[in-house]
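I opened this model to look up its pocket, one of its helices and its aromatic pairs. My notes follow in the order I took them.

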Amino acid sequence: MIRQVETADVEAITSIYNEYIGNSTITFETEPLTSEMMQSRIVEISASFPYFVFENADGTIEGYCYAHHWKSRAAYDETLETTVYLAPDFIGKGIGKALMQRLIDECRFKGYHALIACITAENQSSRSFHEKLGFKQVSHFVEVGQKFGRQLDVFDYELLL
């Protein structure tokens, strides 16, 4: 079931995200977040933008997604950046697609014009995933991030709504 994020989801979301911080280059954050830090982010984002979780029948949060401002200038107000994370055990089961389709539909309904996904170049599965959703690669930034002692490229993908 896809539903709006709730305060009770903070622990599960923090756990999912911290797994990626510590074990991947999918996020460029390098230090795990506390539940308090994540709660602050969730409250701030969900107050103004779509933020969804996928909850299974036993109440386990299997993934989440949200959109937020891409840039802070007023001229970019109709463009949002998207984020989607799944608990590792639930990758490849259609949950990410369902979450992102709900997010895309909600952003379209709310009148946004464009969505941007910022993806580490080596994350081929996310790049393919976004392409299947209709996103197009629009940029390639070379060695703009560093994690685990490596310089990393980033691609931006865009979906016009």
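Before naming any helix, I fix the term: helices are DSSP runs of H or I with at least four residues, numbered from the N terminus. The model is predicted. On that basis I place Arg-127 in helix α4.

**Entry 1: Arg-127**

I asked first whether Arg-127 is buried or exposed. Its relative accessible area is 15%, and under 20% means buried, so Arg-127 is buried. Next I looked up what Arg-127 touches. Leaving out residues up to four places away in sequence, I find Ile-119, Thr-120, Ala-121, Gln-137, Phe-155 and Tyr-157. I checked the spacing to Gln-137 as well. Arg-127 and Gln-137 are ten residues apart in sequence, and their C-alpha atoms are 8.5 Å apart.

**Entry 2: the rest of α4**

Which residues of α4 are buried? I list Ser-126, Arg-127 and His-130. Down the axis of α4, these buried residues fall within an arc of 105°, so they line one face of the helix. The general rule fits here: an α-helix has 3.6 residues a turn, so residues three or four places apart point the same way. I then turned to the face of α4 directed away from the buried side. That face carries the exposed residues Ser-125 and Lys-132.

What do the buried residues of α4 pack against? I find β4, α3, β5, β6 (136-147) and β7 (150-160). Just after α4, I noted Gly-134, with a positive phi of about 100°.

**Entry 3: the largest pocket**

How big is the largest pocket? Its volume is about 1,000 Å³. The lining has 39 residues, and the closest to the pocket centre are Ile-26, Val-84, Asn-123, Ser-126 and His-130. Ser-126 and His-130 were already on my list of buried residues in α4.

I then looked up which elements supply the lining. At least two lining residues come from each of α1 (10-23), α2 (35-46), β3 (61-69), β4 (79-86), α3 (95-109), β5 (114-120) and α4 (124-132). By class, I read 20 nonpolar, 13 polar and six charged residues in the lining.

**Entry 4: aromatic pairs**

How many aromatic pairs does the structure hold? The count is eight. I took two of them in turn.

Tyr-20 and Tyr-85 form a tilted pair, 5.2 Å centre to centre, with 50° between the planes. Tyr-20 lies in helix α1 and Tyr-85 in strand β4, so the pair ties together parts that are 65 residues apart in sequence. I checked burial for both partners. Tyr-20 counts as buried at 9% relative accessibility. Tyr-85 counts as buried at 10%.

Tyr-51 and Tyr-66 form a stacked pair, 4.7 Å centre to centre, with 20° between the planes. This pair links distant parts of the chain: Tyr-51 sits in strand β2 (residues 51-55) and Tyr-66 in strand β3, 15 residues apart. Tyr-51 is buried, with a relative accessible area of 1%. Tyr-66 is buried too, at 14%.

Which residues make up the aromatic cluster? I wrote down Tyr-17, Tyr-20, Tyr-51, Tyr-64, Tyr-66 and Tyr-85, which form one cluster. Both pairs above have their partners in this list.

**Entry 5: positive phi**

Most residues other than glycine have a negative phi. I therefore noted Glu-143 and Phe-148, since neither is a glycine and both have a positive phi, against the negative phi of most such residues. Glu-143 lies in strand β6, with phi near 50°. Phe-148 lies in the loop between β6 and β7, and its phi is about 55°. At 48% relative accessibility, Phe-148 counts as partly exposed.

**Entry 6: Val-154**

My last stop was Val-154, in strand β7. At 6% relative accessibility, Val-154 counts as buried. What is Val-154 in contact with, leaving aside neighbours within four places in sequence? I find Phe-28, Cys-118, Ile-119, Thr-120, Ala-121, Ser-139, His-140, Phe-141 and Val-144. I also took the spacing to Gln-4. The two residues are 150 residues apart along the chain, and their C-alpha atoms are separated by 29 Å.

Conventions:
Residues numbered from 1 in each chain as written. Predicted model: local features only at pLDDT ≥ 70, side-chain atom pairs only at ≥ 80, totals over all residues. Heavy atoms only, no water. 1 Å grid on protein atoms, 1.4 Å probe; cavity = no way out; pocket = protein on both sides within 12 Å on 5 of 7 lines; lining within 4 Å. Points joined across faces, edges and corners; volume = space filled by probe spheres on them. Nonpolar A, V, L, I, M, F, W, Y, C, P; charged D, E, K, R; others polar. Buried < 20%, exposed > 50% of the residue type's maximum accessible area, 1.4 Å probe, protein only. Arc of directions from axis to C-beta. Contact = heavy atoms within 4.5 Å. Phe/Tyr/Trp six-rings, centres within 6.5 Å; stacked < 30°, edge-to-face > 60°.
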